[in-house]
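Please look through the structure shown here, with attention to its charged side chains, its surface and one polar residue.

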Amino acid sequence: MMKKIIILLFIVTFLLFQQLIAKTDKKNNSSKDSLESTNLTETQNTSLDSIVLFLLDASAKDFHDNQPPIPVNFRNVQVRNLIGQNSENNYMICGQFLAQDKQSKDEWTSFATIKTDPYEQWIGSNALTYCQDSKAIFYKIKDLSSALKNRMDSLKTKKI
């Protein structure tokens with residue numbers, strides 16, 4: 001009888017020990033997975049931030065250097081992505097601008113600034129085609145209109 005009790009205690013202890021080890025391994029793996037996904041997300045956000053800043057600067061410089069039209073305001077400026085050949089990502093900002101000479105008519109024109117080598121800027125119906133074929137990307141700033149306007153304004157003040 002005593003041998004049976006000792007064997008039962010040994011089995012119970014062994015099973016409890018196995019459960020403890022399994023819980024510890026699972027906890028360590030989930031912490032590792034969480035850390036890896038956090039790092040991946042942070043890397044993606046940092047990368048997207050640099051792409052967005054590049055596109056805003058390129059767009060403002062292009063508008064500034066290639067006038068007319070002279071943009072006086074922007075609206076609906078968003079980060080988008082168009083999947084190209086070989087599944088490469090073509091990041092862009094799409095939106096509309098109000099030209100100085102079209103202000104009285106409240107006539108907004110579409111534009112797209114695409115990150116290529118280094119970038120392309122399209123205005124009018126060509127821009128609209130790129131933007132309609134692309135997909136919106138979740139970015140921490142939904143509408144980049146004021147950021148683009150600020151960059152344009154800073155280029156104007158540097159010119160003076």
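The paragraphs below take up salt bridges, then a nonpolar patch, then a glutamine in a strand.

The model is predicted. Side chains of opposite charge can pair when their charged atoms come close. In this structure there are five salt bridges, and three of them are described here, among them the pair Asp-49 and Lys-140.

In that pair, the closest N and O atoms lie 3.1 Å apart. The two residues belong to distant parts of the chain, with their positions 91 residues apart. Asp-49 sits in helix α1, which covers residues 2-65, while Lys-140 is in the loop between β5 (135-136) and α3 (145-159). Lys-140 counts as exposed because its relative accessibility is 61%, and the cut-off for exposed is over 50%.

Helix α1 also holds a salt bridge of its own, in which the side chains of Asp-65 and Lys-61 meet with an N to O distance of 2.4 Å. These residues are four apart in the helix, or about one turn. Asp-65 has a relative accessible area of 42% and is therefore partly exposed. Lys-61, at 45%, is likewise partly exposed.

Helix α3 contains the pair Lys-149 and Asp-153, whose side chains form a salt bridge at 3.1 Å, N to O. Because they are four residues apart in this helix, about one helical turn separates Lys-149 from Asp-153. Lys-149 has a relative accessible area of 23%, so this residue is partly exposed. For Asp-153 the value is 28%, which again means partly exposed.

Next comes the nonpolar surface. Met-1, Met-2, Ile-5 and Ile-6 form a patch there, and together they have about 490 Å² of accessible area. Of these, Ile-5 is located in helix α1. With a relative accessible area of 41%, Ile-5 is partly exposed; a patch residue needs over 30%.

The last residue to consider is Gln-121, in strand β4 (residues 119-123). Is Gln-121 buried or exposed? Gln-121 is buried, because its relative accessible area is 16% and the cut-off for buried is under 20%. The side chain of Gln-121 makes a polar contact with that of Ser-59 at 3.1 Å. A further polar contact, at 3.4 Å, joins the side chains of Gln-121 and Asp-62. If neighbours within four places in sequence are set aside, the residues in contact with Gln-121 are Ser-59, Asp-62, Phe-63, Ala-112 and Thr-113.

Key: Residues are numbered from 1 along each chain as its sequence is written. This is a predicted model: local features need pLDDT of at least 70, side-chain atom pairs count only at pLDDT 80 or more; totals for chains, interfaces and linings use all residues. Side-chain values use heavy atoms; hydrogens and water are left out. A salt bridge is a side-chain nitrogen of Lys or Arg within 4 Å of a carboxyl oxygen of Asp or Glu. Buried means under 20% relative accessible area, exposed over 50%, partly exposed in between (1.4 Å probe, protein chains only). Patches are made of residues with over 30% relative accessible area and no salt bridge: like charges are joined within 9 Å, nonpolar side chains (Val, Leu, Ile, Met, Phe, Trp, Tyr) within 5 Å. Accessible areas come from the Shrake-Rupley method with a 1.4 Å probe; for residues, only the protein chains shown count as cover. A polar contact is a pair of N or O atoms within 3.5 Å; within protein, one must be able to donate a hydrogen and the other to accept it, and residues adjacent in sequence count only if both atoms are side-chain atoms. Contact means heavy atoms within 4.5 Å.
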